[in-house]
Amino acid sequence: MDGQALEVAKKSAETAGVAHLISFERANAMKLPYEDASFDIVINEAMLTMQADQAKKKCVMEYLRVLKPEGLLLTHDVLLKEAKESVRQELSQAIHVNVGPLTQDGWEQVMIESGYRDVKVLTGEMTLMKLSGMIYDEGWLGTLKICVNACKKENRKQFLTMYKMFNKNKKNLGFIAMASHKSSNR
Ligand SMILES: C[S@@+](CC[C@H](N)C(=O)[O-])C[C@H]1O[C@@H](n2cnc3c(N)ncnc32)[C@H](O)[C@@H]1O
């Protein structure tokens, strides 16, 4: 996990007055420093897409280990509406990370093959580089900050590349949220 992101999360929790309820720890998702069956719920946000296929399974199997029986894994990731290698490559080039978004069947398969059952799925449009999506996610002030940053000389080219990529592929990209259960007898 990104150490800087951890600091931002701590500050946000302090600002929201909930820091006393939360403990923040930095760890590798594939080797978590927790006992078996420690948690009722594990949440993984926008990270599995960044992993190769075998690594995706390694992460979700590790989450299965630390979940209590009947526990719930909640994930949110990038959805490919059609399996197109060209879209995967363009997305990887735009964000400078080798990403592996999957189709709905592909994502469900990762969960089932890793030992989860009763996988519930919600899919929808990608709003990442859309003004309406930014306002929804970040608020007006956050959106304004993103726009100011995007206009800076050092960020302009990267922002434009990402904007063009998401716009070009918007029909084939979406989000997928899944709720996957650990069975009671594992
Ligand atoms: C696309 S970001 C999403 C982060 C966060 N959910 C958000 O929306 O801001 C993916 C994050 O996953 C982290 N990451 C990648 N592989 C990881 C691993 N094996 N263990 C823990 N974190 C990892 C990266 O450092 C990065 O911060």
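**General legend.** Helices (DSSP runs of H or I, at least four residues) and strands (DSSP runs of E, at least two residues) are numbered from the N terminus. The model is predicted, so local features require pLDDT of at least 70 and side-chain atom pairs pLDDT 80 or more, while totals for chains, interfaces and linings use all residues. Residues are numbered from 1 along each chain as its sequence is written, and side-chain values use heavy atoms, with hydrogens and water left out.

**View 1. Ser 114 is buried in the loop between helix 4 and strand 3.** Helix 4 covers residues 104-113 and strand 3 residues 117-125, with Ser 114 in the loop between them. The relative accessible area of Ser 114 is 4%, so this residue counts as buried (under 20%; exposed is over 50% and partly exposed in between, with a 1.4 Å probe and protein chains only). Between Ser 114 and Ala 37 the C-alpha to C-alpha distance is 16 Å, and the two are 77 residues apart in sequence.

**View 2. Tyr 34 and Phe 39 form an aromatic pair.** The structure holds 1 such pair (ring centres of Phe, Tyr or Trp, the last by its six-membered ring, within 6.5 Å). The ring centres of Tyr 34 and Phe 39 are 5.1 Å apart and the planes stand at 90 degrees, so the arrangement is edge-to-face (over 60 degrees; under 30 is stacked and the rest tilted). Both partners are partly exposed: Tyr 34 has a relative accessible area of 24%, and Phe 39 has a relative accessibility of 31%.

**View 3. Asn 44 and Tyr 63 are joined through their side chains.** Asn 44 belongs to strand 1 and is buried, at 4% relative accessible area. Its side chain makes a polar contact of 2.4 Å with that of Tyr 63 (N or O atoms within 3.5 Å; within protein, one able to donate a hydrogen and the other to accept it, with residues adjacent in sequence counted only if both atoms are side-chain atoms).

**View 4. The ligand is surrounded by 10 residues.** Of these 10 (each with a heavy atom within 4 Å of the ligand), Asn 28, Ala 29, Glu 45, Met 47 and Gln 51 come nearest. An N or O atom in the side chain of Asn 28 is 3.0 Å from a nitrogen atom of the ligand. Ala 29 places a backbone N or O atom 2.9 Å from a ligand nitrogen atom. On the side chain of Glu 45, an N or O atom is 2.6 Å from an oxygen atom of the ligand.

**View 5. The largest pocket is lined by 30 residues.** Its volume is about 1200 Å³ (the space filled by probe spheres set on grid points joined across faces, edges and corners). Glu 45, Ala 46, Leu 128, Asp 137 and Glu 138 are the lining residues closest to the centre of this pocket (an open set of points on a 1 Å grid over the protein atoms alone, with protein on both sides within 12 Å along at least five of seven lines; lining residues have an atom within 4 Å of a point). At least two lining residues come from each of strand 2 (67-80), helix 3 (85-95), helix 5 (131-151), helix 6 (153-168) and strand 4 (173-181). Helix 5 contributes the most, with 8 residues.

**View 6. Ala 46 and His 96 have positive phi values.** Most residues other than glycine have a negative phi. At Ala 46, phi is about 55 degrees; this residue occupies the loop between strand 1 (39-45) and helix 2 (53-66). Ala 46 is partly exposed, at 42% relative accessibility. At His 96, phi is near 60 degrees, and the residue sits in the loop between helix 3 and helix 4. His 96 is exposed, at 64% relative accessibility.

**View 7. Gln 4, Ile 146 and Lys 168 are shown in their helices.** Gln 4 lies in helix 1 (residues 3-15) and is exposed, at 64% relative accessible area; its C-alpha atom is 27 Å from that of Leu 67, which is 63 residues away along the chain. Ile 146, in helix 5, is partly exposed, at 27% relative accessible area. A distance of 25 Å separates the C-alpha atoms of Ile 146 and Ala 177, which are 31 residues apart along the chain. Lys 168 is part of helix 6 and is exposed, at 59% relative accessibility. Between Lys 168 and Val 60, 108 residues apart along the chain, the C-alpha separation is 31 Å.

Definitions and conventions:
1 Å grid on protein atoms, 1.4 Å probe; cavity = no way out; pocket = protein on both sides within 12 Å on 5 of 7 lines; lining within 4 Å.
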